[in-house]
Amino acid sequence: MSLVIIRYVIAAVIVSYIIWFFNTRFMGKSLALSKVLSWVLLATFLIFLVLTGLSSLVEGS
C-alpha cells in the first residue's frame, strides 16, 4: 500500500514541476513551486481518497 502512495507522490511532484515550469517560462507568471506542489498533492490525495472510498463501497469490504 505504501508503495502505491509513493508512486502517487512522485507523480504529483513531477506534474507540479511541469506546471510550475510552464507557468513561469511561457506564461510569465510568478508562482512558487511549493504552492503549486501543495495544490497538486492535495488534489492527488483527495482523488485517491474518493476513489478508495468508492472502491470499498462498491466491493463492500
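1. I begin at the end of the second helix: in this predicted model, α2 is followed by G60, a residue whose phi is positive, near 80°. The helix that precedes this glycine, α2, covers residues 33-59 and has 27 residues. From its first C-alpha to its last, α2 reaches 38 Å, which is close to the 39 Å expected at 1.5 Å a residue.

2. As to the overall make-up, the chain contains two helices and zero strands. Its radius of gyration is 15 Å, whereas a compact globule of 61 residues would have a value near 10 Å. Along the principal axes, the C-alpha atoms fill a box of roughly 50 × 20 × 15 Å, and these dimensions may be read together with the radius of gyration of 15 Å.

3. On burial, 11% of the 61 residues of the chain count as buried. The accessible surface comes to about 4900 Å², and carbon and sulfur atoms account for 75% of that surface.

4. Within α2, the buried residues are V36, V40, T44 and F48. What covers these buried residues of α2 includes α1, the helix that is made up of residues 2-25.

5. A residue of α1 that deserves a closer look is S16, which counts as buried because its relative accessibility is 0%, and buried means under 20%. Leaving aside its neighbours within four places in sequence, S16 is in contact with L33, V36, L37 and V40; of these partners, V36 and V40 also appear among the buried residues of α2. The side chain of S16 has, in addition, a polar atom that lies 2.7 Å from the backbone oxygen of A12.

6. The aromatic residues merit a separate comment, since the structure holds five aromatic pairs. One of them is formed by F22 and F26, whose rings lie 5.6 Å apart, centre to centre, with 45° between the planes, and this pair is tilted. Ring pairs link F22 and F26 with Y17, W20 and F21 into a cluster.

7. The two members of the tilted pair should also be described by their accessibility. F22 is partly exposed, because its relative accessible area of 44% falls between the limits of 20% and 50%. F26, in turn, counts as exposed because its relative accessibility is 60%, and exposed means over 50%. S16, by comparison, counts as buried at 0% relative accessibility.

Technical notes: Residues numbered from 1 in each chain as written. Predicted model: local features only at pLDDT ≥ 70, side-chain atom pairs only at ≥ 80, totals over all residues. Heavy atoms only, no water. Phe/Tyr/Trp six-rings, centres within 6.5 Å; stacked < 30°, edge-to-face > 60°. Buried < 20%, exposed > 50% of the residue type's maximum accessible area, 1.4 Å probe, protein only. Helix = DSSP H or I, 4+ residues; strand = E, 2+ residues; numbered from the N terminus. Polar contact = N/O pair within 3.5 Å; in protein donor to acceptor, adjacent residues only side chain to side chain. Contact = heavy atoms within 4.5 Å. Expected span 1.5 Å × (residues − 1). Rg over C-alpha atoms; globule rule 2.2 N^0.38 Å. Areas by Shrake-Rupley, 256 points an atom, 1.4 Å probe, with all protein chains shown as cover.
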